[in-house]
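Please look over the model below. The report that follows covers strand pairing, aromatic contacts, surface exposure and backbone geometry.

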Amino acid sequence: MDCLFCRIAAKELESETVYESDAVVGFRDINPAAPVHVLVVPRDHVESVAELTRAHGEVLGEMFEAIATLARDAGLDGGYRVVTNVGPDAGQSVGHLHFHLIGGRSMTWPPG
């Protein structure tokens with residue numbers, strides 16, 4: 001498999017990593033949409049939310065714990081957005097589950 005995010009998680013490709021555990025990696029987006037824009041991914045390959053089952057519960061909990069820690073560490077006390085895209089029509093450009101932590105600026109609703 002030649003998955004970009006699997007390769008980043010395995011440290012085969014460089015990234016600006018800001019969070020690491022045995023199961024989860026967080027790294028800065030190369031095309032940030034805000035002053036803080038971090039991608040949080042599981043090390044194990046999961047294509048998207050559409051593939052999730054109850055068996056993924058522990059890693060999802062760890063991903064959201066990482067998001068909360070990163071937001072706190074970045075001083076995003078005024079709020080932040082957590083986004084995931086599922087499929088090309090929604091804008092998913094890498095076929096590996098990832099959550100965008102976006103903050104550090106005011107955001108509008110609805111997005112995109």
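Glycine 26 has valine 40 in S3 as its bridge partner. The structure is a predicted model. Strand S3 spans residues 36–42 and runs antiparallel to S2. The two strands are joined by 5 bridges.

The wider sheet is open and holds 5 strands. Their order is S1-S2-S3-S5-S4, with antiparallel pairing. Which strands stand at the edges? They are S1 (17–20) and S4 (80–83). Each has a single partner strand, so one side of each lacks a neighbour in the sheet. From one strand to the next, the twist averages 20°.

**Aromatic pairs**

A pair of aromatic rings is described by the distance of the centres and the angle of the planes. How many aromatic pairs does the model have? The count comes to 2. In one, the ring centres of phenylalanine 5 and phenylalanine 27 are 5.4 Å apart. Their planes stand at 70°, so this pair is edge-to-face; the cut-off for that class is over 60 degrees. Phenylalanine 5 lies in helix H1 (residues 4–9), and phenylalanine 27 lies in strand S2 (residues 24–28). The pair therefore ties together parts that are 22 residues apart in sequence.

Another pair is formed by phenylalanine 64 and phenylalanine 99, whose ring centres are 4.8 Å apart. The planes stand at 55°, so this pair is tilted. Here too, distant parts of the chain are linked. Phenylalanine 64 sits in helix H2 (residues 57–73) and phenylalanine 99 in strand S5 (residues 99–103). The separation is 35 residues.

**Exposure of the paired rings**

Are the paired phenylalanines buried or exposed? Buried means under 20% relative accessible area, and partly exposed runs from there up to 50%. The table sorts the four residues by this scale.

| Residue | Relative accessible area | Class |
|---|---|---|
| Phenylalanine 5 | 5% | buried |
| Phenylalanine 27 | 3% | buried |
| Phenylalanine 64 | 39% | partly exposed |
| Phenylalanine 99 | 6% | buried |

In the edge-to-face pair, phenylalanine 5 is buried, and phenylalanine 27 is buried. In the tilted pair, phenylalanine 99 is buried, whereas phenylalanine 64 is partly exposed.

Phenylalanine 64 also belongs to a nonpolar surface patch. Tyr80 and Val82 are the other members. Together the three have about 250 Å² of accessible area. Strand S4 covers residues 80–83 and stands at an edge of the sheet. Phenylalanine 64 itself comes from helix H2.

**Backbone geometry**

Most residues other than glycine have a negative phi, and most peptide bonds are trans. Two sites call for a look on these points.

What is the phi of lysine 11? It is positive, about 65°, although the residue is not a glycine. Lysine 11 lies in the loop between H1 and S1. At 59% relative accessible area, lysine 11 is exposed.

The peptide bond from tryptophan 109 to proline 110 is cis. Its omega is near 0°. Proline 110 falls in the segment after S5.

**A loop position**

Where is alanine 90? It is placed in the loop between S4 and S5. Alanine 90 is partly exposed, with a relative accessible area of 42%. From alanine 90 to aspartate 44, the C-alpha to C-alpha distance is 22 Å. In sequence, these two residues are 46 residues apart.

Conventions:
Residues numbered from 1 in each chain as written. Predicted model: local features only at pLDDT ≥ 70, side-chain atom pairs only at ≥ 80, totals over all residues. Heavy atoms only, no water. Phe/Tyr/Trp six-rings, centres within 6.5 Å; stacked < 30°, edge-to-face > 60°. Helix = DSSP H or I, 4+ residues; strand = E, 2+ residues; numbered from the N terminus. Buried < 20%, exposed > 50% of the residue type's maximum accessible area, 1.4 Å probe, protein only. Patch = residues over 30% accessible without salt bridge, like charges linked within 9 Å, V, L, I, M, F, W, Y side chains within 5 Å. Areas by Shrake-Rupley, 256 points an atom, 1.4 Å probe, with all protein chains shown as cover. Salt bridge = Lys/Arg side-chain N within 4 Å of Asp/Glu carboxyl O. Pairing = 2+ DSSP bridges. Axes fitted to C-alpha atoms, helices over the stretch in contact; angles between N-to-C directions.
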